[in-house]
Amino acid sequence: KATVSVLNWALATYTMADEQKWVEIWELFDSKGAGSIPKVDFLACVRALGRKYTEKDMNDKAGGLPDPVSKDQFLAFMKEPYTGPSVDDLRTALTAFDGKDCGSLPISQINMMLKGMGDKLTDDEAQIILEGLPQENGQVNIEKMIEFLNPPLPSTNPDMDELRKEIEKEEEAALAAEMGET
């Protein structure tokens with residue numbers, strides 16, 4: 001029992017390299033160096049770092065955080081052990097629906113799962129995901145779906161200058177759109 005506890009502790013701990021990745025991604029979201037970001041960006045930042053909490057779990061864990069969220073609050077949040085779903089968990093779940101054991105699922109079944117299970121999506125939200133899935137003859141390959149839902153994390157060795165440029169472009173476009181609306 002003690003070995004299991006030590007193993008769980010070791011798996012739940014983080015390294016300085018992890019913290020450096022967290023700070024790098026934080027800085028992408030805090031491009032102006034304000035030391036805090038809006039809560040909606042905090043949630044996106046956490047997801048960008050591979051934490052795939054359900055909406056309910058995220059509300060439970062982050063519900064008490066202020067808006068905006070400070071860098072220290074973000075780092076404290078990231079230091080908490082994460083035991084969320086893994087890619088293998090997703091593979092197991094999707095494979096359970098593959099009744100024909102053919103390695104793919106009908107798009108109609110995926111649509112039903114998106115709108116009827118877990119964090120239920122609206123028709124429009126489900127349609128956006130369905131349009132992005134690699135489909136062939138009304139079927140989606142499970143492995144390709146997993147790749148689509150779990151893109152590589154940008155924190156492995158990102159080109160920080162390029163990522164900053166992309167964020168600045170998005171911010172400029174959002175500001176331009178906002179100015180056009182008023």
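**View 1. Three strands form an open sheet in this predicted model.** The strand order is β3-β5-β4, with antiparallel pairing. Strands here are DSSP E runs of at least two residues, and helices are H or I runs of at least four, numbered from the N terminus. Two strands pair if DSSP finds at least two bridges between them. β3 and β4 (135-136) are the edge strands, each pairing on one side only. β4 and β5 pair over two bridges. Q135 has V140 of β5 as its bridge partner.

**View 2. Helix α9 packs on the sheet.** α9 touches β3 and β5 (contact: heavy atoms within 4.5 Å). Its direction makes about 70° with that of β5; axes are lines fitted to C-alpha atoms, for helices over the stretch in contact, and angles run from 0 to 180 degrees between N-to-C directions.

**View 3. α9 (residues 142-149) has buried residues.** I142, M145 and I146 are buried (under 20% relative accessible area, 1.4 Å probe, protein chains only). They lie on the same side of α9, because they cover an arc of only 100° around the axis, taken from the directions to the C-beta atoms. Their cover includes α6 (87-96) and α7 (107-116).

**View 4. The largest nonpolar core has 20 residues.** Such a core joins buried Ala, Val, Leu, Ile, Met, Phe, Trp, Tyr and Cys residues through side-chain atoms within 4.5 Å. α2 (16-29) is one of the helices supplying at least two residues. α2 gives the most, with five.

**Notes.** Residues are numbered from 1 along each chain as its sequence is written, and side-chain values use heavy atoms, without hydrogens and water. Local features need pLDDT of at least 70, side-chain atom pairs count only at pLDDT 80 or more, and totals for chains, interfaces and linings use all residues.

Definitions and conventions: Buried < 20%, exposed > 50% of the residue type's maximum accessible area, 1.4 Å probe, protein only.
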